[in-house]
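Here is a quick briefing for anyone meeting this structure for the first time. Have a look at the model, then read on.

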Amino acid sequence: FVRRRLKWSCGAAFLVQLWRRLRLAFDRMGTEYDILLCGVTGFAGKLAAEHLLVKSYPIKWACCARNEAKAAAAVKTIADRVGATALPPIEVACLISDEAKLRAVVKKTKVVLTCAGPFEKYSQTLVKVCAEEGVHYADITGESDFFRKMIAEHDATAQKTGAKIVIHCGNDAIPWDLTVFEMSKLARSKGAELAEAWTYGEFGATAAASGGTLTTAIYQLGKRRGGAKPDFDPLLKRPDGSKSESLTKITNPKQDVYCDEFAQYGGPWIMGPVMANCVRRSNALLGYSASLTYADVMLRGHPTWAQWAGAKANEALVGAAVMAPRVFARFLPAPGEGPS
């Protein structure tokens, strides 16, 4: 009797969960859009909108912004430049001040893509609503504190509704994450397990951060940290809520070191910890290495004295903007601006 009752309880729980998933799936079938793009007036958001306009995928998509006129003008400028004639509709909602209106807009789509940062400031409510409504979400953040908080607060809800919440899904995370994953696949193909991985980034002399990235970096570096610490790093949380047994030790260099393989120096950079946390999260979920050691290095290249001095001056300016943003942030690219 106990065994039958246990089987019935498990079966009933499964059927309830299945019914929830099916109901959400049918609800999504009636949505107006396949993709809702947020942050279209920013540098990365404009690139995303341009991609969708140029590719003309057989999908229905819209933009979400708090200023309809500004968003429409940004999209039209892009469309005129690339020769696109079909423009997406603009849904009006604020990401932080009106949850009810934001929820109504989110319920119209299957997937939310957002490029509006700082994400800790603008996407906390958006992730919450997506998790509760069963709407898939992806962003381009490099903010690990935000990543951890969203896992802790909304992972369980997203699993119940079927929402896929994909954070750290931008150019400052995906290449490194996939590189280490492919290295693990290569190791497995040879009957081994990946034990240690180093990634090296090499950027051209004209590479530069966008205004949005700099604004986010200044926001993150200048904020106060504190509060109670969880039992373990949320990045190590498995779907069942337990701590993953696949751990990653981070050994990013703290100062420049000579890289024999590349015959040049390399060292730490502002995005190194982001890459490391992305790899840590993927390994915790996928379990491709029980004990992985990972390091990321930015190669310095062979800069001229003028290039070296320019880079150091820019680092000093960013540091000054962290300490006194009202004074020094004006000398940096503004949100929406970026390299060509």
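His154 is buried, with a relative accessible area of 10%, and its home is helix 7. Keep in mind that this is a predicted model. The points below start from His154 and work outwards, topic by topic.

**Around His154**

- Setting aside residues up to four places away in sequence, His154 touches Gln124, Val127, Lys128 and Ala131.
- Glu132 sits 22 residues from His154 in sequence, and the two are 8.3 Å apart in space, C-alpha to C-alpha.

**How confident the prediction is**

- The chain has a mean pLDDT of 87, and 89% of its residues reach 70 or more.
- Among the elements of the chain, helix 6 (residues 124–133) has the highest mean pLDDT, at 98, while helix 1 (residues 2–29) has the lowest, at 48.
- Over residues 1–16 the pLDDT is below 50, and this stretch has 0 contacts in the model beyond near neighbours in sequence.

**The nonpolar cores**

- As a bit of background, nonpolar side chains tend to be buried together in soluble globular proteins.
- The largest nonpolar core here has 26 residues, and those touching the most other members are Leu95, Val106, Val112, Leu126, Cys130, Tyr137 and Phe146.
- At least two residues of this core come from each of strand 1, strand 2, helix 4 (99–106), helix 5, helix 6 and helix 7 (144–161).
- Apart from it lies another core, of 16 residues, with Ala49, Ala65, Ala79 and Cys115 among them.
- Which residues is Leu95 in contact with, leaving aside its neighbours within four places in sequence? They are Cys38, Leu102, Ala116, Tyr122, Thr125 and Leu126.

**Ser123, between two helices**

- Ser123 lies in the loop between helix 5 and helix 6.
- Is Ser123 buried or exposed? Ser123 has a relative accessible area of 0%, so it counts as buried.
- Once neighbours within four places in sequence are left aside, Ser123 is in contact with Thr114, Ala116, Tyr137 and Phe146.

**Helix 2 and its buried side**

- Helix 2 (residues 43–55) has 13 residues and reaches 19 Å from its first C-alpha to its last, close to the 18 Å expected at 1.5 Å a residue.
- The buried residues of helix 2 are Gly45, Ala49, Leu52 and Leu53.
- Why are they on the same side of helix 2? Because they cover an arc of only 100° around the axis.
- What covers these buried residues includes strand 1 (33–38), strand 2 (61–65) and helix 3 (68–82).

**Backbone oddities**

- For context, most residues other than glycine have a negative phi, and most peptide bonds are trans.
- Just after helix 2, Ser56 takes a positive phi of about 50°, although Ser56 is not a glycine.
- Ser56 is in the loop between helix 2 and strand 2, and counts as exposed at 54% relative accessibility.
- His168 is another residue other than glycine with a positive phi, near 65°.
- You'll find His168 in the loop between strand 6 (165–166) and helix 8 (174–189), where His168 counts as buried at 1% relative accessibility.
- The peptide bond from Gly117 to Pro118 is cis, with omega near 0°.
- Pro118 belongs to the loop between strand 4 (109–114) and helix 5 (119–122).

**More on Gly117**

- Gly117 is likewise placed in the loop between strand 4 and helix 5, and counts as partly exposed at 30% relative accessibility.
- Not counting neighbours within four places in sequence, Gly117 is in contact with Tyr122 and Thr216.
- Gly117 and Asp139 are 22 residues apart in sequence, with 9.3 Å between them in space, C-alpha to C-alpha.

**Cysteines**

- How many disulfides are there? The count comes to 0 disulfides.
- Cys169 is in no disulfide, and the nearest cysteine sulfur, that of Cys278, is 8.6 Å away.
- Cys169 is partly exposed, with a relative accessible area of 32%, whereas Cys259 is buried, with a relative accessible area of 7%.

Terms used
Residues are numbered from 1 along each chain as its sequence is written. This is a predicted model: local features need pLDDT of at least 70, side-chain atom pairs count only at pLDDT 80 or more; totals for chains, interfaces and linings use all residues. Side-chain values use heavy atoms; hydrogens and water are left out. Helices (H or I, at least four residues) and strands (E, at least two) are DSSP runs, numbered from the N terminus. The expected span of a helix is 1.5 Å times one less than its number of residues. Buried means under 20% relative accessible area, exposed over 50%, partly exposed in between (1.4 Å probe, protein chains only). The arc is that of the directions from the helix axis to the C-beta atoms. Contact means heavy atoms within 4.5 Å. pLDDT is the predictor's confidence in each residue, from 0 to 100. A nonpolar core is a set of buried Ala, Val, Leu, Ile, Met, Phe, Trp, Tyr and Cys residues joined through side-chain atoms within 4.5 Å. A disulfide is a pair of cysteine sulfur atoms within 2.5 Å.
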